Amino acid sequence: MMSTIPSPGSGLAAFGPEDDLSLQRSFEMLPDSSIGPWGGAVSSVSPSPSAAGAVISVGIGQCAVSADPAIALVSYGLGSCVGIAAWDPLRRIAGLVHILLPEPVSSAPAIPPERFASTAVPSLLHAMEVAGARISRLRLVAAGGARMLGALSASNSPVGNIGERNAAMVCAQVSAHGLCLAIQDFGGTRGRTLGLRVGSGEWWIHVAGSAATTKRQASEGHVCGTPRRDGGLKL
Amino acid sequence: MTSVDRGYQGDGSAPPAPALTMRKAHQLELVHQVVAAGMTVAAAQLSRFVGQPLQIEAPRLGLCPVEQLVETALGSAFDLADWSAAEALTTGIYLSMSGDVTGHFLLLLAPADARALVAPLVSELAPDDAQRESLMLSALSEVGNITASSLLNALADAAHLRITASCPAIVTDMAGAILEWPVLDLIQSVDQAIFIETRIRIGAYATVGSLALIPRPDGLEALITGLSQRRAR
């Protein structure tokens, strides 16, 4: 049901045979038929973004880049994971990567690169560039990095502060490439959904249990936000 | 080019972990049977605790790349659910297994269903709202304890192993964020995750919950060995 081959008219970045195969591996698309439009089952959970259109769900360790204006890239239910969305306002190309861990342990190879913040950010930027975007133009939005399962994730446990470490590594990588996160929404104890509409650059962050969804145009500029500090959810 | 990336199959970085190969299909089937029987017992105990009738589906065994655990366990990967199922606000009752079999035990319910499940128990005892809230959490912890202990006891008896469960943690969050926890734990050591999951339908509220057991690879091995030995005897 899944294919990495951009079908005609899909608008996903097309790659020639000369492109790096390892990079292509990280691209994927779903046939439109398998993607529910907004406003279906979702609407009871989150306020559905106004425009209808297909959604590409970007799961853990995945990266998607698209130039199809009708598509939205979404990472649902980010906990300590971080979603990093990039948008080129001129070429209207969008990318989203969903990382799980800050970096590989010790000297182990970072395979697949999309799993780790340390390698996923360069990988996303490269993918955007290959698709025709210019890195210096990119607007970046990142969300996630929460502290999950409260009691169990004590700060002294190696995975307890994984959200914090993910967020820190994403920030470090973004600055290392001379970029800035236009919006960052890290920390707290709640899950988040990060979505980015390819055509308009409109992104949204939905925080678990809150009725409101933060929505903004990615073109609104480089205002670095402050980490969210929210309490736990009541049952 | 063929499809590659809803999951990564091999990882040089991971410490050697027992591969879940076809050779072991019959062994997995054995585990599946025993867990399924255990889940039925657990459901029966839960039904008695909440004083409501309960239906349980035949548990399904899933095997997937660890990174796809969220989509696979929620059913999005099979078109059983929308991709946004990972975003749905969910109450998770989580226990970690230790002893001879390590891994994760999860009971996932819609928050309203979790309340409805224990409401009859709580309303008898709690006069005011503040007390009711904390009693609900204790009641849900007890739901976790009862379900997990009946299931794990059934497993331990069948395989002659010692399996213990941690205290339950109750968390209400997006389903994807809750399932990230086992992913984070498993991905350090293994590429493939195995889980056994069932849906339960409780009482007149038509509460539908999901009960999942996600063993770590060493736990799975211990279980397979224990069950095979018992069968051989």
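**Exercises on a predicted two-chain model**

B:Thr147 is a residue of helix H4 of chain B. The coordinates belong to a predicted model, and the exercises below begin with this residue.

**Exercise 1.** Determine whether B:Thr147 is buried or exposed, and identify its surroundings.

*Solution.*
Step 1. The relative accessibility of B:Thr147 is 2%. The cut-off for a buried residue is under 20% relative accessible area, and B:Thr147 therefore counts as buried.
Step 2. Leaving aside residues up to four places away in sequence, B:Thr147 touches B:Ala42, B:Leu46, B:Phe105, B:Leu107 and B:Leu211.
Step 3. A polar atom of the B:Thr147 side chain lies 2.4 Å from the backbone oxygen of B:Val143.

**Exercise 2.** Describe how helices H3 and H4 of chain B are arranged with respect to each other.

*Solution.*
Step 1. Helix H3 of chain B covers residues 111-125 and helix H4 of chain B covers residues 129-159; their axes come within 9 Å.
Step 2. The axes cross at roughly 120°. Angles of 65 to 115 degrees count as roughly perpendicular and those over 145 as roughly antiparallel; H3(B) and H4(B) are therefore oblique to each other.
Step 3. The crossing of H3(B) and H4(B) is right-handed.
Step 4. On the H3(B) side, the contact involves B:Ala114, B:Arg115, B:Leu117, B:Val118, B:Ala119, B:Val122 and B:Leu125. On the H4(B) side, the partners are B:Arg132, B:Glu133, B:Leu135, B:Met136, B:Ala139, B:Leu140 and B:Val143.
Step 5. Sorted by character, the residues of this contact comprise 11 nonpolar and 3 charged, with no polar residue. B:Val143, one of the H4(B) residues in the contact, also supplies the backbone oxygen that lies 2.4 Å from the B:Thr147 side chain.

**Exercise 3.** Summarise the secondary structure and the contacts of chain A.

*Solution.*
Step 1. Chain A contains 3 helices and 10 strands.
Step 2. Read from the N terminus, the order of these elements is α-β-β-β-β-β-α-β-α-β-β-β-β.
Step 3. Of the 235 residues in chain A, 56% are buried.
Step 4. Among chain A contacts between residues at least 6 apart in sequence, 63% join residues at least 24 apart.

**Exercise 4.** Locate A:Ile111 and classify its exposure.

*Solution.*
Step 1. A:Ile111 belongs to the loop that links strand S5 (93-99) and helix H2 (117-130) of chain A.
Step 2. The relative accessible area of A:Ile111 is 30%. Buried requires under 20% and exposed over 50%, so A:Ile111 is partly exposed.
Step 3. Between A:Ile111 and A:Ala146 the separation is 35 residues in sequence and 24 Å in space, taken from C-alpha to C-alpha.

Terms used: Residues are numbered from 1 along each chain as its sequence is written. Chains are lettered from A and ligands numbered from 1 in the order in which they are written. This is a predicted model: local features need pLDDT of at least 70, side-chain atom pairs count only at pLDDT 80 or more; totals for chains, interfaces and linings use all residues. Side-chain values use heavy atoms; hydrogens and water are left out. Axes are lines fitted to C-alpha atoms, for helices over the stretch in contact, and angles run from 0 to 180 degrees between N-to-C directions. Helices (H or I, at least four residues) and strands (E, at least two) are DSSP runs, numbered from the N terminus. Angles under 35 degrees count as roughly parallel, over 145 as roughly antiparallel, 65 to 115 as roughly perpendicular and the rest as oblique. A crossing is left-handed if the near helix is turned anticlockwise from the far one by less than a right angle, and right-handed if clockwise. Contact means heavy atoms within 4.5 Å. Ala, Val, Leu, Ile, Met, Phe, Trp, Tyr, Cys and Pro count as nonpolar, Asp, Glu, Lys and Arg as charged, and the others, Gly among them, as polar. Buried means under 20% relative accessible area, exposed over 50%, partly exposed in between (1.4 Å probe, protein chains only). A polar contact is a pair of N or O atoms within 3.5 Å; within protein, one must be able to donate a hydrogen and the other to accept it, and residues adjacent in sequence count only if both atoms are side-chain atoms.
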